[in-house]
Number of protein chains: 2
Amino acid sequence: MTVFEALNSQTLPLRLGGTAAILDRVGVDTSAWKIREVGDGNLNLVFIVDGTKGSVVVKQALPYVRLVGESWPLPLKRSYFEYQALVRQQERDPGMVPEILHFDREQAIIVMEFLTPHIILRKALIEGQQLPRIARDLGLFTARTLFRGSDLSMETRKRKEDLALFSDNVELCDITENLVFSDPYYEATLNRHTTPQLDGIVRELRADRDLKVEAQRLKHLFASNAETLLHGDLHTGSVMVTPEETRVIDPEFAFYGPMAFDVGMLLANFWMSYFSQAGHEKDGDRADMRDYLLDVVVGIWDTFRDEFSRLWHTERNGILYQRTLFEDRGDALGSTQALDEVLQSIWTDMLGFAGVEMHRRILGLAHNADFETIEDADLRARCEAKALKLGRHLAVNRRKIHSMAEINALAGRLEKEIVA
Amino acid sequence: MTVFEALNSQTLPLRLGGTAAILDRVGVDTSAWKIREVGDGNLNLVFIVDGTKGSVVVKQALPYVRLVGESWPLPLKRSYFEYQALVRQQERDPGMVPEILHFDREQAIIVMEFLTPHIILRKALIEGQQLPRIARDLGLFTARTLFRGSDLSMETRKRKEDLALFSDNVELCDITENLVFSDPYYEATLNRHTTPQLDGIVRELRADRDLKVEAQRLKHLFASNAETLLHGDLHTGSVMVTPEETRVIDPEFAFYGPMAFDVGMLLANFWMSYFSQAGHEKDGDRADMRDYLLDVVVGIWDTFRDEFSRLWHTERNGILYQRTLFEDRGDALGSTQALDEVLQSIWTDMLGFAGVEMHRRILGLAHNADFETIEDADLRARCEAKALKLGRHLAVNRRKIHSMAEINALAGRLEKEIVA
């Protein structure tokens, strides 16, 4: 029986110095290893290990939520789900996740490639950097992982085995179920928001029957619709970038859920970045950045839709919408009609998930740096209020919205305070 | 390591004669046991054991499909899923499933209460019997099992454990996925239909793009939406009745799927019974029976809806649509709005599942006795064609149909050949 021990810079070389794959990458002289703990996330320990030959990242889960402390236990097995998700994402969109060098299930340790000079996408966007590749890379990543993890592509026996495996990631699903879909909409203990500036709109949203019903419909969908293996936490803090490369990290929330969830959460974070730019602006210098962010949203969705459609026509080898019923009978239009319905349903649900994600980041426990780093509370609240309004519009009207152009035009009008 | 052995009347007392619960029910003198094999289903062995004290039913799975033979293997573990489902159904709607006396996982044996003088509901309906309790009993059974097996009621951790458990029932899901949703809509090897009488309409249905797309949308829903523990095979052959009592048997297809599936399959079988009455009629003596069957359909749906609504208001203790967001804030109308949306979605999907069930019973592998026992092929085909037409209407127009009265009126017009 092995005992879990949280790593520190002294014990790390003892624990990992015998693993060939790590020695190969870092260098065999463990006494020369330089070890820094750099974890700034909410949950885990993260070390960078530099040696004579190179560097690796060592990520270790703790048996509790790091942000809160031992009073909020969280099982180590999330590291196992993260590892399993990384393996599948690498198969489904090669090169988009970090290379894994070593996994220790008992100690909840994943040792992986050190990405450099990559930085967290959220940080880059706060700084006003325009990354030219992200729209295409993230559109492809979502389309490929979501399509290839579903009954559209997989052998259904394998998908059902995976469904069973990931259904044990119940504690992390529970976090999403509560923090995203419910807590923001009542006075939950862990909530906070910019107060008193947002008190009025927060009161309004929590009294908004249509919004709360939609949020719960979306929770129902999230909890029931085990359609594909999701990343589960795909926001701009889970993406590392250089101008030349995009990588997706941290899939410990992975589980089988609705395709629309990953896409919706991701787009929400770009719309929030859009509204937060005013808080980081000097002399109106973020106008281009705002245009860029709306272009990214369009680009991700268009790429997702195009790649999903390409896979539909070329890799639809699962039990759903079989060729036997359509193409093989000369009815390719039948399969296209079905594709249109599937995409329409992803679109509608994606807008809803985007809406609630925007709310929970401003009203719930886990805020994001885009807004949090705006020191002037009045200014921050003005930015946040716009995101709250767009979120409400998307969640409640998701079945009636026709195009990204329409949403981005509304975002522009909210930004200029033409509508409120 | 135990070896599976199919029971026969010689080995049965040796295998089961040491089990106190069985001896208590049947009588301790095993040499006096009278054993009859009565299985007329597609899959299993079924024995009735009569002793000095009483009787039991012994159901044993075989490692293949009995109907087809050893060339179609089917795992014994389905017996385990049936047992697990029976236990849960007994908890969720006490008294509606047979009492279980003994379960042997390795030998795939379930020993249960002998129901007498019950007969299979399908048989009763073919004979023209009007059972006064079935609408209410089956409406309650579906509402209670479907509500109480979902995140509306269960602790979500427990539901996710159950989801993982039943996701291993992949071979039986596979049968439904193929035989219900796909095979009827192309020239699959195992299909058969009344030929040549139905050849024209069959050709039409298999060329019907909208129908095929809907059938695949429903398959997508069936395979992905792990909303609740389904019976999975809830037709009139899975119900045993007396005028005073209704029991539901044979849940070996149990798995986590959409609530609407059980209800849709069940109602389809009453509509098929309706159209089959003409094949069993003497001198127009089934007019009352036809009225009765349409009343049963209305009664099941109304009871389902009423009981589901009652449970919504009194037992909604799961993670979805929490009281904290609605009733506890004085917004009971918010929870009613959500209930209306949930019921609307079950209604719409239920009609779709009913439509494809009617098709697969006439075009696919597993036909039903309602039509099969009509010896005159021309007459049988006329009955079947009406069911095929109603099925197509329901599947394709399910989002536009408002009431059961509207559907039953259409059934009446099809029966009288006013529409075709």
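**Close-up views of the A–B interface and of B:Q277**

**View 1. The interface of chain A and chain B in a predicted model.** In this model, 49 residues of chain A are in contact (heavy atoms within 4.5 Å) with 49 residues of chain B. The two chains bury about 4600 Å² between them, 52% of it on carbon and sulfur atoms; buried area is the accessible area (1.4 Å probe) that two parts lose on being put together, summed over both. Local features need pLDDT of at least 70 and side-chain atom pairs pLDDT 80 or more, while totals for chains, interfaces and linings use all residues. Residues are numbered from 1 along each chain as its sequence is written, chains are lettered from A in the order in which they are written, and side-chain values use heavy atoms, without hydrogens and water.

**View 2. A salt bridge between B:K160 and A:E177.** Their side chains meet at 2.8 Å, N to O. A salt bridge is a side-chain nitrogen of Lys or Arg within 4 Å of a carboxyl oxygen of Asp or Glu. Between chain A and chain B the count is twelve salt bridges. On the side of chain A that touches chain B, helices α6 (156–166), α7 (170–181), α9 (209–224) and α12 (332–363) each supply at least two residues. The largest share, eleven residues, comes from α9(A). Helices are DSSP runs (H or I, at least four residues), numbered from the N terminus.

**View 3. B:Q277 in helix α10 of chain B.** This helix spans residues 259–280. B:Q277 counts as buried because its relative accessibility is 0%, and buried means under 20% relative accessible area (1.4 Å probe, protein chains only). Leaving aside neighbours within four places in sequence, B:Q277 is in contact with B:L125, B:R286, B:M289, B:R290 and B:L293.

Terms used: Buried means under 20% relative accessible area, exposed over 50%, partly exposed in between (1.4 Å probe, protein chains only).
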